[in-house]
Amino acid sequence: MGLLTQIVTLPLAPVRGVGWVMDRVLEAAENEYYDPEPVQRELAKLEALLLAGQIDEETFDRREDELLDRLEEIRAFRQEGRRRE
């Protein structure tokens, strides 16, 4: 029965192939978007700018809050991914 099913559904192979490729592209995009390292580097850079006197405390606080929110979003996404697996 498996061979017969494969033969009958052979015309759908390109559609399945496109679906597989789209899944891999989505997975790669999510991995890049939800990578915490760039956010952590930006936090370190932000702190260096503050310590060097290149930005004021208000700018630092605002941007730090944005970056910490982004890290929380990344952690929540990764936690959700672990629950699905």
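Let me begin with a working rule: two rings of Phe, Tyr or Trp count as a pair if their centres lie within 6.5 Å. Planes under 30 degrees apart make the pair stacked, and planes over 60 make it edge-to-face. By this rule, the chain gives us 2 aromatic pairs. One of them is Tyr33 with Tyr34, an edge-to-face pair with 4.9 Å from centre to centre and 90° between the planes.

Before I go on with the rings, a quick word of caution, friends: what you see on the screen is a predicted model.

Now, how covered are these two tyrosines? Tyr33 has 47% relative accessibility, so it counts as partly exposed. Tyr34 comes out at 16%, and because the cut-off for buried is under 20%, Tyr34 counts as buried.

Tyr34 also pairs with Phe77, and here the arrangement is stacked: 3.7 Å centre to centre, with 5° between the planes. Where do the two partners sit? Tyr34 is in the loop between helix 2 (13–33) and helix 3 (36–51), while Phe77 belongs to helix 4 (residues 57–84), so this pair ties together parts that are 43 residues apart in sequence. Phe77 itself, at 25% relative accessibility, is partly exposed. Put Tyr33, Tyr34 and Phe77 together and you have one aromatic cluster.

Let's step back to the whole chain. How many helices and strands does it have? There are 4 helices and 0 strands, and along the sequence the pattern reads α-α-α-α.

The overall dimensions are worth a look too. The C-alpha trace spans about 70 × 25 × 15 Å along its principal axes. For a compact globule of 85 residues we would expect a radius of gyration near 12 Å, but this chain has 22 Å.

What share of the residues is buried? Of the 85 residues, 12% count as buried, and Tyr34 is one of the buried residues. The accessible surface comes to about 7,000 Å², with 57% of it belonging to carbon and sulfur atoms.

On contacts, if we take those with a separation of 6 or more, 62% are between residues 24 or more positions apart. The stacked pair of Tyr34 and Phe77 links parts 43 residues apart in sequence.

Last topic, charge. The chain carries 12 positive and 20 negative side chains, and the centres of those two sets lie 8 Å apart.

That's my tour, and I'm happy to go back to the rings if anyone would like another look. Thanks, everyone!

How values were computed: Residues numbered from 1 in each chain as written. Predicted model: local features only at pLDDT ≥ 70, side-chain atom pairs only at ≥ 80, totals over all residues. Heavy atoms only, no water. Helix = DSSP H or I, 4+ residues; strand = E, 2+ residues; numbered from the N terminus. Rg over C-alpha atoms; globule rule 2.2 N^0.38 Å. Buried < 20%, exposed > 50% of the residue type's maximum accessible area, 1.4 Å probe, protein only. Contact = heavy atoms within 4.5 Å. Areas by Shrake-Rupley, 256 points an atom, 1.4 Å probe, with all protein chains shown as cover. Lys, Arg positive; Asp, Glu negative; His and termini not counted. Charge placed at Lys NZ, Arg CZ, Asp CG, Glu CD. Phe/Tyr/Trp six-rings, centres within 6.5 Å; stacked < 30°, edge-to-face > 60°.
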